[in-house]
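Hi everyone, thanks for coming along. I have one structure to walk you through today, so let me put it up on the screen.

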Amino acid sequence: MKGAWRVRIDEVQGDVRRTLGAGSLISENLVLTCAHVVHKSKEIRVAFPQAERKDLLDVPAAVYMLGPWKSPGDEGDVAVLKLEMEVDVPPARLLCRLEKMEGYAAHGFPRAHGIYGTGIGLDLTSKLPHGEWHILHTAILHGESPSRGFSGAAVYDNATGDVIGIITDYEIDLKKRTCRMLSIDRIRRYWEELDDLLYLPWLSQKERRELRKIVSSALSNTDLSQLVSQVFPSTSGHRDLCTVWDAIRYVGEEMHGEDRLARFLPMLAKTFTTEDAQRSLRKWIRDHLGADAVHVAEPKTAVVVRLDAVREGYDLEVSALIDNEPISQPWRTTVPSKDQVRAQVEVGFKAIKHQVAGTSPQIEFVLPLSLLNEPVEEWEYGRDIPVITKRAVLRYVDRL
């Protein structure tokens, strides 16, 4: 039956049963809802009232994933329930993009409407989010307003049934007739496994699932946003990338070029903290992108140390470059005396070297005459990593 994936979430305490909110079946045994709906509940039951089947009115469930939400107003108000059995109901179709402003609906279970609940028509106020939420208002002036019982309800296209998000909370003043929605695109940042259920054109579902499982526990020793800037030096202003999978997904969906994964993944593998993770990712690259991709050319990177003699001592500037272009603002300080230069240069290395992590940067010293005889090859680029182990160049600042 159409829309049978819309579920009611109840809690059972002895002989007492009360409705907690709404949710959506997203796979054979997983239900998407809000964290605040289920976070304190123990005996959870899920019902499929639109399926018109008695065997689907009391399905036991347990919390499978809980977002970081703790109290009203917090971000990350998302949860996933796992049913004790698989159900033969077509799951909801999930969309990451907002294609239109109007024509959406939600089905909730306010107490006054009994076990079958009720629906409301909704329109977006904007395609742009307010923080992590989108704001919706009711489409019918004198119809039902979002209220208690709609938490966790899917917001779906009334014509196609495609789900774009879930209602997390509503305006207490019902006259305002608005609610907030957490979009599917935002939800997958909290629960990366959701990507396994989506259609994403940059990789087949099978390849994507395999790749996500490989990197799900991998850790990188570099700033992932900076790594994206290294591999794609003509781009800038990347959002914070919190996990390895978040970075891969971002490159797949936001960067350009058919070879974007072939360029990025080998560089990413070099930053993994364990050899097992590096080997697993390189094997996936060989199997799916070809052997040549594993040996993709590194971008040309450099770390430049410049010292200028001034009345107060020396002005020090340490910067990172990719293909001769600065990645970000240089690290700067003033060094009051010659005997403190080495220590401050090493502080500068520590501050910016993450910007070229995973590459083999050339170290360039641009020095005044008074420092040209300093043993810079003995200075440490990192702990127990002397500059002599790197490609290094020494230049006289007055000749630039």
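I'll begin with the whole protein and then visit a few places along the chain.

Please keep in mind that this is a predicted model. In terms of secondary structure, we have nine helices and 20 strands. The radius of gyration is 27 Å, whereas the globule rule gives 21 Å for 400 residues, so the protein is more spread out than a compact globule. You can also see that in the box filled by the C-alpha atoms, which is roughly 85 × 50 × 40 Å along the principal axes.

How much of the protein is buried? Buried residues make up 49% of the 400. As for contacts, take those with a sequence separation of 6 or more: 60% of them join residues that are 24 or more positions apart. The accessible surface comes to about 20300 Å², and carbon and sulfur atoms account for 48% of that. On the charge side, there are 52 positive and 58 negative charges, and their mean positions lie 2 Å apart.

Now let's go to the helices. Helix α5, residues 244–254, is mostly covered, with nine of its eleven residues buried. Among those buried residues are Trp-245, Ala-247, Ile-248, Arg-249 and Tyr-250. So what covers the buried residues of α5? The cover includes four other helices that you can pick out here: α2 (184–190), α3, α4 (224–231) and α6 (260–270).

Helix α6 is itself mostly covered, again with nine of eleven residues buried. Its buried residues include Leu-261, Phe-264, Leu-265, Met-267 and Leu-268, and also Arg-260 at residue 260.

Let me zoom in on α3, residues 205–215, where we find Arg-212. Is Arg-212 buried or exposed? Its relative accessibility is 10%, and the cut-off for buried is under 20%, so Arg-212 counts as buried. Which residues does Arg-212 touch, leaving aside those up to four places away in sequence? They are Glu-192, Glu-193, Asp-196 and Trp-245. With Asp-196 there is a polar contact between the two side chains, at 2.8 Å. And Trp-245 is one of the buried residues of α5 that I listed a moment ago.

There is another buried arginine to look at, this time in a loop. Arg-177 sits between β11 (163–170) and β12 (178–183). At 15% relative accessibility, Arg-177 also falls under the 20% cut-off, so it is buried. Its side chain makes a polar contact with the side chain of Thr-138, at 2.9 Å.

For a residue in a strand, have a look at Ile-120, which belongs to β8, residues 118–124. Ile-120 is buried, with a relative accessible area of 5%. Where is Ala-106 relative to Ile-120? The two are 14 residues apart along the chain, and their C-alpha atoms are separated by 5.5 Å.

My last stop is Gln-340, in the loop between β16 (331–335) and α9 (341–352). Gln-340 has a relative accessibility of 35%, which lies between the 20% and 50% cut-offs, so this residue counts as partly exposed. From Gln-340 to Ala-247, C-alpha to C-alpha, is 39 Å, with their positions 93 residues apart in sequence. Ala-247, you may remember, is buried in α5.

That's my tour, and I'm happy to rotate the view for anyone who wants another look.

Key: Residues numbered from 1 in each chain as written. Predicted model: local features only at pLDDT ≥ 70, side-chain atom pairs only at ≥ 80, totals over all residues. Heavy atoms only, no water. Helix = DSSP H or I, 4+ residues; strand = E, 2+ residues; numbered from the N terminus. Buried < 20%, exposed > 50% of the residue type's maximum accessible area, 1.4 Å probe, protein only. Polar contact = N/O pair within 3.5 Å; in protein donor to acceptor, adjacent residues only side chain to side chain. Contact = heavy atoms within 4.5 Å. Rg over C-alpha atoms; globule rule 2.2 N^0.38 Å. Areas by Shrake-Rupley, 256 points an atom, 1.4 Å probe, with all protein chains shown as cover. Lys, Arg positive; Asp, Glu negative; His and termini not counted. Charge placed at Lys NZ, Arg CZ, Asp CG, Glu CD.
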